[in-house]
Amino acid sequence: MKNKYFFILFCTVFFTQKMNAQLTLLNENFSTCNGVLPAGWQQYSVTGSDSWKCTVTGFTDKGVYMNGYSGGNNNNNEDWLISPSLDLSSYSEPNLYFWSRTKFNGNPIEIRVSSNYAGSGNPNLGTWTALPAALPAVNSDVWQHTANVDLTLYKNQPFYIACKYTSNVNAAALWRLDDLQIFENALSLSKKFINTGQCAAGSWSAGQSFQFTMNGLSGTLTLNAPSPFQISKDNVTFASQLTYNAAASGIPQTVYARISPTVTEKVYHDSLLFTYNGHPVKEKVLVLGTSLPDDRTLRVVNWNMRWFGEPVMCNCDTALAKSNAILVFKDLNADIYCLQEMVNVSQLNSLTAALGPAYQSAVSTFCSGVTNANDPYYGTCQKLAYIYNTQKIQNLGTFGLLASTYPSDTMPYYCFGAGRFPFVMKAKILLANGASDTVLFVNLHGKAYDAQQDYNRRLCAAQNMTDSLNALFPNKKIMVIGDYNDFLEGSTVTGNINSPYKYLLDNGFTGITLPSKYPGQSTYAWSTDYIIDNIACKPDLYNQYIDSSFFIFNEAGQYISDYANTTSDHYACMSYYKFNFPNTLEDQHQQARAFNFTIQNPSAETLTIFRHGS
């Protein structure tokens, strides 16, 4: 009997310890949530028959949800979702981050913490403290990221985090949660983005510096650089990892980052990551670099800047928006920026000047409802614009595609958002050894909104645009770039299986920004899986595109505070193109193959060279 009691006691202690096993980090994306909550998580219904459950419609794949509406009625509910026990004693400043979404009227959820909850059973038998957390507005039905929920006061003893849901017969909201994470938050950065530039494979770029400060550092802080990026404390000795101890606590530390690629013609887009005592640190340094030759590479950005320079429609501080835009432009360091929703021309000029004397701008003299720059409404409407580096691009002229058809033909005017015709720039691309090429940029801002009539107008615009470009510029290098306000595969408008731009892709253009190539990504800041800022090219230009070099610069949302409200509801997008040809007489001569030639019509747009002999 004595052995039997000992066995029972052993099992009780062992399994109680296993049930209450403490986690030293939290990174729960609910990917294992298949009808049963992940290990260590529990739900408890104090009132009502509804409970927290798994869902396949989380922020990223799966998540959890609670809804007090069932059986055709709103119901009285009190339901808790409780984390495993957490031990964060090795953190300096632990903070909680998560995504949530709510629909229908009802009470907000509460984020609570307890150090004396028993680990099972009714949570009301423990003492819980509500934590301040910024949550989505009632019935907003959009995912919102809640950040910086400070847990520092609770790190000295094990505790639980819980999400408490309540509803009643008058109102019952649907709440979804996903991606609950705890990060170390005691580190601050002077910069959160580093463009290491371009260098040839087998070489390295110049070191670009930033500083960080870590307060309360009592263990080991590690900074890791993914290949081919390297980091250094002195800009001399570079490695993939740097370590710091308590001696660095509270003292600014300078780090140098560079790229040292081994693969040619590739774009690298990654992050430098910190860990503290083995735990992830929230702050990170985003890094960009390429192994492309600068003198044969074209760097292109497209960006809808949301009523740029117009305070009422933007509902923002336009000076702050301009300051943030300058930061993004300088970080990306593109050769040409194709812009939509540029309102204030003076602000455009100021933005251009901030990039340096090599940059110039061009802006459309038309916009929705306005056919010329003398119209009294021109100053307040959304215009299309370019900012370009004159050391890489020569502007050979701009015009509105199909603008000359108005008013004799009102259909293109109607289809292109009441006169928001594509803004075309004929650009001479200046390359190595005096070489050059010509590209036609077609800056597009498609009809907005998601009604069927909006889809029909985009479809009509795509057909008119495609036919016009193919008729006017056969066999030319053309890029249609901008805010299409729809997908290149499928549509934002329910009931349409084809993109309104299918006609463009079926008639000589190849899409770069196909949603199937970038699953889960979005160019629109308020959505997921929503790529509406697009690029499509004619084959001769598409062949110059560096495969997989397109990326959505959503990093700006990580280092610009409240990006979607202060800067734009769209993210800037970047892509790279490399020109591989010797198309000057000097280059041909360098091939050491002599020949005689005759030049025909030297003053014409087309230069024809007849070769005699071999």
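## A tour of one cavity, two cores and the aromatic pairs

Select β8 (94–103), β12 (160–167) and β13 (174–184): each supplies at least two residues to the lining of the largest cavity. This is a predicted model. Colour β12 separately, since with three residues β12 gives the most to that lining.

Now show the whole lining as sticks: Trp-41, Leu-81, Ser-83, Leu-96, Phe-98, Ile-111, Ile-161, Ala-162, Cys-163, Leu-177 and Leu-180. Ten of the lining residues are nonpolar, one is polar and none is charged. The space inside comes to about 70 Å³. Look no further for others of 30 Å³ or more: a search of the whole structure finds one such cavity.

Next, the nonpolar cores. The largest has 93 residues, and Trp-303, Leu-339, Phe-441, Val-480 and Tyr-577 touch the most other members. Select strand β23 (residues 297–308), which gives the most to this core, with six residues.

Centre on Val-480. Leaving aside neighbours within four places in sequence, Val-480 is in contact with Val-442, Leu-444, Met-465, Leu-469, Leu-504, Phe-509, Asn-534, Ile-535 and Ala-536. A second core, separate from the first, has 32 residues, including Trp-41, Leu-81, Leu-86 and Leu-88. Two of these names should be familiar: Trp-41 and Leu-81 are also among the residues lining the largest cavity.

Now the aromatic rings. The count is 31 aromatic pairs. Start with Trp-303 and Phe-329. Their ring centres are 5.6 Å apart and their planes meet at 50°, so the pair is tilted. Zoom out to see the pair link distant parts of the chain: Trp-303 sits in strand β23, Phe-329 in helix α3 (residues 318–332), 26 residues apart. Are these two rings' residues buried or exposed? Trp-303 is buried, at 1% relative accessible area. Phe-329 also counts as buried, at 1%.

Move to Phe-366 and Phe-423. This aromatic pair is edge-to-face, with 6.1 Å centre to centre and 75° between the planes. Phe-366 lies in the loop between β25 (359–363) and β26 (383–389), and Phe-423 in strand β28 (residues 423–430), so the pair ties together parts 57 residues apart in sequence. Phe-366 is buried, with a relative accessible area of 7%. Phe-423 is buried as well, with 2%.

Last stop: select Phe-366, Tyr-386, Tyr-406, Tyr-413, Phe-416, Phe-421, Phe-423 and Phe-441, which form one aromatic cluster. Phe-441 leads back to the largest nonpolar core, where Phe-441 is among the residues that touch the most other members.

Terms used:
Residues are numbered from 1 along each chain as its sequence is written. This is a predicted model: local features need pLDDT of at least 70, side-chain atom pairs count only at pLDDT 80 or more; totals for chains, interfaces and linings use all residues. Side-chain values use heavy atoms; hydrogens and water are left out. On a 1 Å grid over the protein atoms alone, a cavity is a set of points where a 1.4 Å probe fits but cannot get out, and a pocket is an open set with protein on both sides within 12 Å along at least five of seven lines; lining residues have an atom within 4 Å of a point. Grid points are joined across faces, edges and corners, and a volume is the space filled by probe spheres set on the points. Helices (H or I, at least four residues) and strands (E, at least two) are DSSP runs, numbered from the N terminus. Ala, Val, Leu, Ile, Met, Phe, Trp, Tyr, Cys and Pro count as nonpolar, Asp, Glu, Lys and Arg as charged, and the others, Gly among them, as polar. A nonpolar core is a set of buried Ala, Val, Leu, Ile, Met, Phe, Trp, Tyr and Cys residues joined through side-chain atoms within 4.5 Å. Buried means under 20% relative accessible area, exposed over 50%, partly exposed in between (1.4 Å probe, protein chains only). Contact means heavy atoms within 4.5 Å. Rings of Phe, Tyr and Trp (its six-membered ring) pair if their centres lie within 6.5 Å; planes under 30 degrees apart count as stacked, over 60 as edge-to-face and the rest as tilted.
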